[in-house]
Amino acid sequence: MPSAPPFEDHSHQEIKYSTCYMCACRCGIKVTIEDNKVRFIQGNRNHPINKGVLCAKGSAGIMKQCSPARLRNPLLRKPGTERGAGEFLEISWDEALNLLSERLAHIRATDPNKFAFFTGRDQMQALSRLFAEQFGTLNWSAHGGFCSVNMAAAGLYSLGYAFWEFGDPDWDRTKYFMLWGVAEDHSSNPFKIGIEKLKSRGGKFVGINPARTGYQAVADEWVPIRPGTDAMLALAMVHVLLSRELFDWEFLIRYTNAPFLVVQTPGVAGDGLIYRDAAGQPLVWDLQKEAFVNGMESSCHPALFGEYTTPDGRVVKTVMTLLAERYLDPRFSPAQAARICGIPADTIERLALEMAHVAFKETITVDVEWTDWAGRKHDRFIGRPVSMHAMRGVSAHSNGFQAARAIHLLQILLGTIDCPGGFRAKAPYPRPVPAPGKPAKHSAPNTPLDSHPLGFPTAPEDLVIDDNGRPLRIDKAYSWEAPIANHGLMHMVITNAVNGDPYPIDTLLFFMANMAWNSSMNTVNIQEMLRAKDDTGEYKIPFLVVVDAFHSETVHFADLVLPDTTYLERYDAISLLDRPISEPDAVCDSIRHPILELDRNVRPWQEVLIDLAGRLKLPAFTNPDGTPKYTGYKDFIIRYERSPGIGFLAGWRGADGSQSLRGEPNPQQWERYIENQGFFQYHLPKSHRYMRFANRDYLEFARDAGFIAQAEPIVIELYSEAIQRFRLAGLGLYDGPQPQDPVDRERLATYFDPLPDYYEPLEQQRIDKTAYPFFAVNQRPMMMYHSWDSQNAWLRQIIAQNHIYMNRAKGESLGIHDDDWVWVESHNGKIRVQVKLIEGCQEDTVWTWNGIGKQSGTWGLKPGAAEATQGFLMNHLISELLPPKAGERRLTNSDPITGQAAWYDLMVRITPAAPGEEGVWPTFENVTPLPGAPAKPDVLRYNTRTRS
Amino acid sequence: MRLGLVIDLDTCVGCHACATACKEWNTSAITAPLSDYDPYGREPSGVWFNRVRHYEIGEYPNNKTINFPMSCMHCENAECVTVCPTGASYKRPEDGIVLVDQDKCMGCNYCSWACPYGARELDRESGTMKKCTLCVDRIYDESLPEEERQPACVLACPAHARLFGDLEDAQSAVSRVVRERGGYALMPELNYQPTNQYLPPRTRPAIPTHDLGRGSLARKVKEWVNRVVER
């Protein structure tokens, strides 16, 4: 019998801890390195996010690191060649940065808005935003406009926190979890850990989704809903709860604006605003005093329901009264919702009652003393163990803002906000509702902006428009077309710039964004736009700079390519000032540091940004004598302070590293992080862990840590006065800026509803649904979500081709069989693709995996790769503009409130392809290989054990 | 001792973390490397020890999706060992792990034909058969921290749907969970006596709703009696 095999020789191995970047989840990783190669990446079991586990993407990081798609040198489009022809010269970093900084210096000195800087899937937006702010351009945003701004904005305008980065289900205590729409896009490992915790405790997991894939596979109940109807379902459940008086009275009175009084003067200015005293405090009707009193006084006893007349003769009603009047209407009955959502009425009623049972009959407590905002002591936290999550499936519709608010309304009525078992906030959230900070409006040569380019408008005065009401930003964010576009509209930048509407720009810079391919709607036209020239032969977008680590389709269209490193080769700060990774019980941040030596002439983009900022002498990056203030990114992270004591990293602050959250810069801060496995966590005391919107000790802590300005209670808003102000502008009743174009007036009056409501998605209102009867949505498979590069040699073995998936019985009724070729047509175009019939698909819906299709020759793939010959994009069918209407300017295909790209609103028809019509269509030309691109091996035999 | 895996079909979300972690560990482990063919071309494929299949059961809308990871079952009656003409395949008496001695294997594929679970794969580059080793080079390696002496797939699984242990020991955690959850072996009728076990999806009692109050829709909202609650 052979002896046991030998164990691995660890003598040449080194263990390093860092943070994964195979997706947006940011798990802790423990990496074994052998001879500058990755031997093994595993989850760091001490890390707050993933607690030792790791997903398929994380383990496949090895293949990202050896991808032939990695860029190797800065590239300049060869003079005399056409954009998009793929002819590049390798140039030095000095040449590249001189070229760029000269161009940018000229723009900054003349019209800074001619530089548009849009960043994709990065997690270092605080630095890129600071750069744009200091440069003085309004034209900066990240990718949230086509990702999930609806979800984020709805949360921040209702609860002061939102799903995913700002909040999580209480996985350790929740008994009933309702998942709305696709969720594999965010929260990869924490979600899987949480679902297992819930199920092993015997909790119920309800999945509301047109497709039964991903997490929905293990849902205890699958509710196949028609896409884009989530608000109706949520509000029908609200109807059931209200009609049976199943809501949390105390919670609504104490912590929400439910008892606030709303002025009822239809047709008169001020209608629908909160009734306030001279100091601006909201008034309530005190049941004991029988008088109007300041609703922010703790001693009052407000009426939850009622209609009253003010001393000046105006009628006012409580928010809760308006809410009950609205949702008790038969328009929101389960029977009506059943017709819209495609879910049986009795199912809707039962789900609402199940949640009410768990919330009110299976109440839990955490016996910890805490003090509320008014100083009242409580001996325990009361938990209503129902929790929810929603992400892109709800967000990527033009009614997604109101749908996400409707889901929050349901949670609020059940009292499940930041309580044990409910939906918990994560630091630095919650923040006041709506969040403070207004978007910058004024750009001037050689001058930094006076605030952040993005912010949270609460009234028409906050819009970023000129005196004539025209948009000041290239993406038209914060204009009448998208008034609370908190994440910008990156999906409109190319179209608007090419149309010179609102104005032409000079230099467009994309970081980690595949805007010439799967990150844009309408891919074919977008590629044409990038090539478009004006009458003088100049490109309509004169200079396109692309920063990426890999050879994407967009790199192919660049005039200048700045190559980035991988996540294993650079320093990164995953900061509380940026995209936080806190857990409900702990304030957290983390870092990356180089654990592999560079083998190519590439630079971390953050180093390049600091370098450029110094060359351009941007004030925050420059000493009084004009020399660069920071030697590089590491130095910047250590020494930059947003306000005294508050920097990018919250751990080991103070000169000796003894302070947490706040403290002067520590020159050894990076070393402390590296010694501590790359992350910092500050465990909140038990009394700070729940009800944070009204928890005095937590609010004071949050103020001291710089999370919020004042330790005042955060009032949860069922009714949004901010939204109503915009509606009044649309109705011509606002004492301030009002839109002139009738279409803007109509959109504000219709969609800016201070209470969440359901309306049919905008594109669907304009197309013939008998001609296009199927809803069409797409999602990413779990093993690739946010991993962005399906060229990964291991992951693409799991999936390298997508299909259009449809309900089996429905397909068969149309004479369609498995593997048939079909035409999928929308109002915008058509594609030919292959079908798979499945049970797990709502009957009126088709869907596919997105981002699988690639342009031939990109991403290090060989011509003929399955992604290019069999994979496809649904993007060709989706327009970034709404279908035209006579007499109306073209409008973005986005949520009319937030500007969220409505790429889930698509409707299509499916027809079998003619005999002989086979293969994916459209096809794209093969992309020319980049200079110095390595050969793609026919066989890969990755192995770090070859030394012996 | 009979070492093996228990796989929880109630929580396996089909994410392929186990498959990729396995590939990652084993491409540099005792049967390294696990070759990949045409990794950037038309039909990428390669050697994997663990693959996740996806099935649907039932008809819409009462359908369910089952994610089903499959790897070597480390059978008690390992026919793959019996048929091996070179003696390369062997089952370790001390822990029941089935291994392939790469120095003796000639890649004849007999073992893969004998295996009803599709667990054995031919590495065309090395010309040898490869398969799940239960990470035998991790689980006994005392230079690794004790909690990491687990198969790579078990360490990685984000849904904790994979458990590793001694299925011969009735008191082990894996044996207990198999008893409690009605775990089963795959295709027992073939009498290979697989060691690995699968836990079926849980069924849950209905949530009662009869105990909830019944407010009245009939009364108008403004007549609702307010409750006195201090703000």
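**Helix α4, the nonpolar core and the two domains**

In this predicted model, the cover over the buried residues of α4(A) includes α3 (93-110), β6 (115-119), β7 (140-141), β23 (507-511) and α16 (605-615) of chain A. Helices (H or I, at least four residues) and strands (E, at least two) are DSSP runs, numbered from the N terminus. Buried here means 20 or more other C-beta atoms within 10 Å of a residue's own, with 12 or fewer counting as exposed and anything in between as partly exposed; C-beta atoms are placed from the backbone. By that count, 10 of the 11 residues of α4 (residues 125-135) of chain A are buried, among them L127(A), R129(A) and F131(A). Just after α4(A) comes G136(A), with a positive phi of about 100°.

Residues are numbered from 1 along each chain as its sequence is written. Local features need pLDDT of at least 70 and side-chain atom pairs 80 or more, while totals for chains, interfaces and linings use all residues.

Next, the core. The largest nonpolar core (buried Ala, Val, Leu, Ile, Met, Phe, Trp, Tyr and Cys joined through C-beta atoms within 7 Å) has 369 residues, and L233(A), M237(A), V238(A) and A776(A) touch the most other members. Helix α7 (residues 230-243) of chain A gives this core its largest share, 11 residues. Beyond its neighbours within four places in sequence, V238(A) contacts (C-beta atoms within 7 Å) Y327(A), F332(A), L409(A), L410(A) and L413(A).

As for domains, whose bounds come from an automatic or database assignment, chain A has domain 1 (157-428 + 716-720) and domain 2 (767-912). Their centres, taken over C-alpha atoms, sit 33 Å apart. The contact takes 21 residues from domain 1 of chain A and 24 from domain 2 of chain A.

Definitions and conventions: Chains lettered and ligands numbered in written order. Contact = placed C-beta atoms within 7 Å.
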